[in-house]
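Subject: A structure for you to look at

Hi there,

Here is the structure I promised you. Have a look around it first, and then read my notes below.

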Amino acid sequence: MTSQQQELLSLFLRLAPIDGVSHMERAIADEVMAILRAAGLDVVEDQSASVVKGNAGNLLCFPPGFRADAPAIMLEAHLDTVQPTGSLKAIVNEDRVSSDGSTILGADNRMGLSILVDLLLHSNESPGPKKNFFVVFTVGEETGLYGAAALDLSKHHVTAAFVFDCSKRPGIFIRESVGLYDFTAQFVGKAAHAGVAPEEGISAIALAASAISKIKLGRLDPETTANIGKIYGGEATNIVPERVTVEGEVRSFSPDRIREELRRIEQTFHTSVDGCGRLVFSAYSDFEPYVHQPDAPAVMELEYAIRRAGLTPKPIRYMGGSDANKYNAKGIPAVNIGIGAQKPHSVEEFFLLEDLFKTSEIAHELIKIAQ
Ligand SMILES: [Zn+2]
């Protein structure tokens with residue numbers, strides 16, 4: 001291990017055990033600000049804490065010499081973890097870092113965080129001219145990409161954003177990502193005594209069951225999936241149930257397919273309850289899909305950096321979202337890249353040391369101007 005690699009690993013081991021579950025990122029945000037400001041960097045915390053109902057905002061970090069009026073690339077990771085890491089005991093083995101099995105490791109996304117803090121601290125040390133770049137650390141990613149959604153980039157001319165938050169190994173990146181919409185359908189019948197006057201009731205559970213049986217779920221086509229994940233309602237076994245709520249989602253690489261499927265579900269439900277009960281249906285966007293062409297500038301830029309780091313670029317299509325989806329929706333070409341934080345959101349979470357160092361190399365290559 002080189003001294004630079006040792007320093008990066010130490011930084012991860014310092015940042016990972018600082019608690020920062022979503023919307024409670026104050027401690028980790030303060031630590032990152034203290035490290036960067038002590039090194040003379042300019043760090044701005046935005047106003048998003050109140051928007052996302054948390055105790056910290058997004059951090060915008062500018063290296064010395066950053067030009068606010070010039071085009072820039074943005075590198076990004078999120079501050080929050082899905083569960084607390086305060087009692088983390090990280091174990092460094094020969095080839096990997098894991099927890100002791102009692103907590104998550106928090107490599108999602110403290111690995112991306114450490115790599116980018118380290119990049120900011122050392123960006124001036126490698127030879128050659130650098131791109132105009134800045135780094136953003138977001139809050140509230142795990143609960144719904146809230147920090148990224150609230151991030152105001154209108155003052156900056158961001159040409160491409162690179163998100164260091166994909167659990168795949170370095171070299172892999174998400175060129176195409178689905179969009180996700182959630183829907184809620186409330187079926188309303190009529191309550192009545194189940195034994196004395198069942199004829200006077202309309203069972204909302206029967207309405208929902210009949211309606212659900214008429215729609216298609218699962219993989220609808222190679223681009224699209226639909227699921228019903230929650231159903232709740234009813235009062236007691238001796239009451240004909242008046243209300244049942246059904247919650248589901250539709251994902252697709254095509255925004256048109258998402259809207260088409262949501263319309264189909266809503267219409268099918270409406271037709272099914274028509275004349276018997278009532279339906280209240282609503283749907284909202286969690287995040288929009290993105291699809292980059294193989295020759296899109298952001299993709300070419302990333303593939304160049306991956307090759308320079310000695311890896312083969314592997315673009316993939318992915319059925320999950322990230323902060324990159326929010327930036328693409330704002331009109332900023334963004335890609336989520338593999339960092340190798342494996343088995344995220346579980347106590348088995350780990351990463352390989354070689355992946356930490358390779359991802360760091362990719363980050364360093366990304367900010368170099370191609371010679
Ligand atoms: Zn993550």
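Let me begin with a single residue: K358 is partly exposed, with a relative accessibility of 23%. Please keep in mind that this is a predicted model. The partner of K358 is E361, and the two form a salt bridge in which the closest N and O atoms are 3.3 Å apart. E361 is also partly exposed, at 32% relative accessible area. Where do K358 and E361 lie? Both belong to helix α10 (residues 353-366), where they are three residues apart, or about one turn of the helix.

Some other salt bridges share partners, and in this way D221, R257, E260, E261 and R264 are joined into one network. In total, the structure holds 22 salt bridges. The idea behind them is simple: side chains of opposite charge can pair when their charged atoms come close.

**The network around R257**

R257 is a good place to enter the network. Its side chain meets that of E260 in a salt bridge, with 3.6 Å from N to O. R257 and E260 both sit in helix α7 (residues 255-273), three residues apart, which is about one turn of that helix. Are these two buried or exposed? R257 counts as buried because its relative accessible area of 17% is under the 20% cut-off. E260, at 33%, is partly exposed because that value falls between 20% and 50%.

R257 also forms a salt bridge with E261, this time at 3.2 Å from N to O. E261 and R257 are four residues apart in helix α7, so about one helical turn separates them. Both E261 and R257 are buried.

**Two domains**

Now zoom out to the whole chain. It is divided into domain 1 (3-177 + 289-366) and domain 2 (179-287). Notice that domain 1 is given as two stretches of the chain. The C-alpha centres of the two domains lie 38 Å apart.

How many residues are in contact between the domains? Twelve residues of domain 1 touch 13 residues of domain 2. Together the domains bury about 930 Å² between them, and 65% of that is on carbon and sulfur atoms. On the domain 1 side, P289, R317 and M319 lose the most area to domain 2, and together they make up 64% of what that side buries.

There is one salt bridge between domain 1 and domain 2. E223 and R317 form a salt bridge with their closest N and O atoms 3.0 Å apart. Three residue pairs are in polar contact between the domains. The elements that give two or more residues to the domain 1 side are β8 (172-177), β17 (314-318) and α9 (323-329). Sorted by class, that side has five nonpolar, four polar and three charged residues.

**One last residue: R251**

Finally, find R251 in strand β14 (residues 243-252). What does its side chain reach at 2.7 Å? One polar contact is with the side chain of E249, and the R251 side chain also reaches the backbone oxygen of M319. Leaving aside neighbours within four places in sequence, R251 is in contact with several residues, including E223, I258 and M319. You have already met M319 among the domain 1 residues that lose the most area to domain 2.

Enjoy exploring, and send me any questions you have.

Best wishes

Key
Residues numbered from 1 in each chain as written. Predicted model: local features only at pLDDT ≥ 70, side-chain atom pairs only at ≥ 80, totals over all residues. Heavy atoms only, no water. Domains from an automatic or database assignment. Contact = heavy atoms within 4.5 Å. Buried area = accessible area lost by both parts, 1.4 Å probe. Salt bridge = Lys/Arg side-chain N within 4 Å of Asp/Glu carboxyl O. Polar contact = N/O pair within 3.5 Å; in protein donor to acceptor, adjacent residues only side chain to side chain. Nonpolar A, V, L, I, M, F, W, Y, C, P; charged D, E, K, R; others polar. Buried < 20%, exposed > 50% of the residue type's maximum accessible area, 1.4 Å probe, protein only.
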